[in-house]
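Work through the two exercises below with the structure open beside you, and try each task before you read its solution.

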Amino acid sequence: MTKTIIKIENLSKQYRLGTIGTGTIAHDLNRWWQTNILKNPDPYLKIGEANDRAHKGMSEYVWALRDINLDIKEGDVVGIIGKNGAGKSTLLKILSRVTAPTTGSIKVNGRLGSLLEVGTGFHPELTGRENIFLNGAILGMTKAEIRSKLDEIIDFSGCERYIDTPVKRYSSGMNVRLGFAVAAFLEPEILVVDEVLAVGDAEFQKKAIGKMQDVSQNHGRTVLFVSHNMASINKLCPKSIILKNGSILSEGKSNNIIEEYIYDNLSENTLNDNIQSKDGTVKLVKITINNGKKLLTGKKANFEFDIYFANLVKNPAFIIAVKSLSDENIIFLSTEPISGHYVGDCKGKTRVSLSIESLNLGAGNYLLYFGIALPKIQFLIEPTKVCSIDVQPFDVYKSGYHIHNNKSLLTIDHSWQVKSIK
Amino acid sequence: MENYTLEIKPKSKLLDLNLKETWKYRDLLFLFVRRDFVAIYKQTVLGPLWFFIQPILTSLMQLVIFNNIAKIPVDGMPPLVFYLSGNVMWQYFSSCLTLTSNTFRGNAGIFGKVYFPRVITPLSMVISQLLKFGVQLSLFLAVWGYFMIIGGTEVNLIPSWHIVLLPVLIIIMAGLGLGAGMLISALTTKYRDFTFLLTFAVQLMMYATPVIYPLSFVEGKMKQIIMLNPMTGIVETFRYGFTGAGTFSWELLGYSIVFMAVLMFLGTVVFNKVEKTFMDTV
C-alpha cells in the first residue's frame with residue numbers, strides 16, 4: 001500500500017465580502033471579545049453561506065471551501081477541476097501556505113513546491129541570469145542547486161541570447177518561458193501547479209506539458225494540477241477531483257470525472273431550449289437524433305434540427321459540429337461552404353436534416369454543436385452546444401473488439417497485409 | 001500513525017520564530033539584499049556614488065539653515081562633522097523603519113504566490129540598508145579624518161574608547177527599525193490609517209532626535225522628553241565616541257537597548273500573527 005502524502009481533514013476557508021472599513025472594526029472587536037474574553041467560538045463562523053458567485057446571498061461571509069476531506073497518495077497525479085470560484089485556487093493557496101485555513105488542517109509529508117504563477121518576484125531591472133537565481137531562491141532552491149542547473153535552465157527557456165539583458169526588455173512570452181524554466185527544475189516531492197501552462201506559445205506549452213509528464217511519471221512525484229483544459233488534465237492526471245461551490249463533488253478516474261463535470265455543466269445550462277439568434281427571430285425549436293434510436297459506431301446516423309424563422313433570411317448556412325468532451329473539434333460540417341449545399345431563402349418552420357453514412361466515432365460521449373451563419377462570414381447563431389450525444393459500441397471491425405473513445409476517437413475502414421518479404 | 005513533516009493549521013503559537021526554516025532560506029535573504037542594493041543603481045553611471053550625495057547635500061543645507069542662520073550650537077565640532085554624523089545615523093534608522101513597515105503591502109504580489117518565511121523580507125531590507133549605511137559611514141570617516149588632520153577646531157576630534165560601541169549602536173538601530181517596522185506593517189494590512197500616521201511620525205521623530213542640535217543645547221522638561229526617544233542615546237553616543245564631545249551615559253544607552261528589545265518582541269509577535277492570513281485582507 002502506498003503512503004498517504006497529503007492528508008486534508010475538514011478543511012474550510014471563510015472569506016468576508018465587501019470592503020474593509022469602519023464596519024469591519026466592529027466585527028473585529030466583537031470577534032476578539034467573544035473568542036478571547038468570553039472564550040466562545042467565533043460567532044462569524046456560523047453564518048457563512050456556500051460560495052455561489054452568481055446569486056445574491058444574505059450573509060457577507062462565504063465559505064470558499066467547506067469541509068474538504070482528501071487523501072493523496074505518494075506518486076498520485078491529481079487534476080482539480082471546477083468552475084470559476086469553485087475553490088480550486090483557494091485550496092492550492094492553503095496548500096502552498098500563502099494563506100491559512102479558517103478551520104481544519106492539512107498534513108503534508110515531504111517538501112512541497114508550489115507554482116501558482118511563473119516568474120514570481122522577477123525584478124525588471126535585473127538580467128535574466130540574476131532573475132533565475134532570485135526566482136529559484138524564492139521557490140526554495142539554494143544557490144548551489146541553481147548554479148548546478150543553470151545551463152539546463154537557460155537551455156530549457158530558450159532565451160540564451162537574452163540572458164544578460166534586463167528582463168524588462170523581454171517579451172511577455174520570454175518572461176513566461178524563463179519563469180517556467182526555473183520552476184521546471186524545482187525538485188520537491190510534491191508539486192502544486194495552478195493554471196500556468198495556459199500561457200506561452202504552442203511549442204512551449206507542449207514542452208511544458210512534456211516536462212510535467214516527465215516529472216510525474218519518471219520521477220514518481222506527487223502532483224496536484226488545476227486546469228480548465230480538459231485535454232491536458234486527461235493527458236497528465238490519471239485521477240481527478242471536481243470542486244463545486246467549495247466542496248468536493250466527486251473524485252475518481254479522470255475519464256469519468258471529466259464526463260461527470262461536463263454533464264453537470266450541461267444540465268445546469270439547459271441549452272436545449274434556448275438556442276436562438278440575438279434578436280430572437282430565429283430559433284431552434286426541436287432536435288431529433290437518429291429518429292430516437294441509439295447512435296452506433298460505424299452505422300448510419302441522422303440528425304434533424306427544426307428551426308423557426310420569423311422573418312425571411314437569405315442564404316443561411318447551417319453548421320453542425322461534434323466535439324470531444326475536452327472540447328476538441330472532431331467533425332465540423334456546414335451546408336455552405338464546406339459541403340457546397342446551397343440552401344436559398346428560409347422563412348417559417350424549416351427542417352434541416354443531416355445524414356451520415358457511417359458515424360466513424362469511437363463509443364462514448366460527445367458534444368453536439370449547432371449554428372447558423374450568413375454570407376460574408378457572420379453568425380446568426382454562433383455554433384453552440386446543443387446537447388451531448390452518446391455513441392454506443394458496435395463491432396465495426398467485425399472482430400468482436402469494441403472501439404471506445406478513450407482508445408480511439410475515430411474508426412476507419414482499413415485492411416492489413418502482413419507477409420514476409422525478401 | 002505516520003509522521004508528517006508539515007502541518008498546515010489555522011493558528012500558530014504566540015511566538016513561532018521558525019528559525020530553522022528561516023536559516024534554510026538564507027540564500028534568498030542574500031539574493032534579496034543583493035537585489036535591493038543592485039537594482040536601485042542599475043542604469044546609472046555614478047552607481048553607489050549617489051549614496052554620498054544625499055547625506056552631503058542634506059548636511060550642507062542644515063549647516064546653512066540651522067548653524068549659520070539659526071545659530072544653533074554644534075558642541076564645538078566642525079559643523080559638517082556634526083550634521084553628517086546625525087544624518088548618517090538617522091538615515092539608517094528611518095529608512096529601516098519606512099521600508100520594513102511596507103513589507104506586507106509592498107510584497108503582496110510575491111507573498112500571494114509563494115511561501116517562504118515572511119521575515120526574510122524585512123530582514124533583507126535592514127541588511128541592504130546596512131550596506132548603504134556602510135558606504136555613508138565611510139564618507140563620514142573621510143570628512144572626520146580630514147578635520148582631525150587639519151585640526152584647529154574647538155574639540156580635537158580624538159576618538160574615545162566609546163567608539164567600540166559602534167556595532168552595538170548599529171544593532172540597536174536595526175532592531176528599533178525592524179521591530180517598529182514589523183509592527184506597523186502588520187497593522188497596515190487591514191487598516192491603512194497607519195501609513196499616513198507613519199510619514200508624519202518619522203518626520204516628527206527626527207526633530208525629537210538630536211540630529212540638528214546637540215542634546216546639551218536643550219534643557220528642562222524638553223530635555224526629558226527628548227531623552228525618552230530611544231534614538232537620542234544612539235546619536236549622542238556615536239558623536240561622543242568619535243569626537244569626545246557631547247553626552248554619553250550608560251542609562252541612556254541602556255534605555256535604548258531595553259526599548260529595542262520590547263519593540264522587537266512586540267513586532268515579532270504581531271508579525272507572526274498576521275503573516276498567515278494577511279493575503280485575505282491586504
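**Exercise 1: two packed helices**

In this predicted model, helix 3 of chain A packs with helix 5 (residues 172–184) of chain A at an angle of about 45 degrees, and their axes are 10 Å apart. Determine how helix 3 and helix 5 of chain A are oriented to each other, and which residues make the contact.

*Solution.* Begin with the angle: values under 35 degrees count as roughly parallel and those from 65 to 115 as roughly perpendicular. The two helices of chain A are therefore oblique to each other. Next, consider the handedness, for helix 3 of chain A passes helix 5 of chain A in a right-handed crossing. The contact is made, on the side of helix 3 of chain A, by A:Gly128, A:Asn131, A:Ile132, A:Asn135 and A:Gly136, and on the side of helix 5 of chain A by A:Leu178, A:Gly179 and A:Val182. Sorted by class, this contact of helix 3 with helix 5 of chain A has 3 nonpolar, 5 polar and no charged residues.

**Exercise 2: where the chains meet**

Describe the side of chain A that touches chain B, and state which element gives the most to it.

*Solution.* Start with the totals: 36 residues of chain A are in contact with 27 residues of chain B. Strand 5 of chain A gives the most to the side of chain A that touches chain B, namely 5 residues. That side of chain A divides into 16 nonpolar, 14 polar and 6 charged residues. Finally, look at the pairing, in which strand 5 of chain A and strand 1 (residues 6–8) of chain B run in the antiparallel sense over 3 bridges. In strand 1 of chain B, B:Glu7 is the bridge partner of A:Lys107.

Technical notes: Residues numbered from 1 in each chain as written. Chains lettered and ligands numbered in written order. Predicted model: local features only at pLDDT ≥ 70, side-chain atom pairs only at ≥ 80, totals over all residues. Contact = placed C-beta atoms within 7 Å. Helix = DSSP H or I, 4+ residues; strand = E, 2+ residues; numbered from the N terminus. Nonpolar A, V, L, I, M, F, W, Y, C, P; charged D, E, K, R; others polar. Pairing = 2+ DSSP bridges. Axes fitted to C-alpha atoms, helices over the stretch in contact; angles between N-to-C directions. Parallel < 35°, antiparallel > 145°, perpendicular 65-115°, else oblique. Left-handed = near helix turned anticlockwise from the far one by under 90°.
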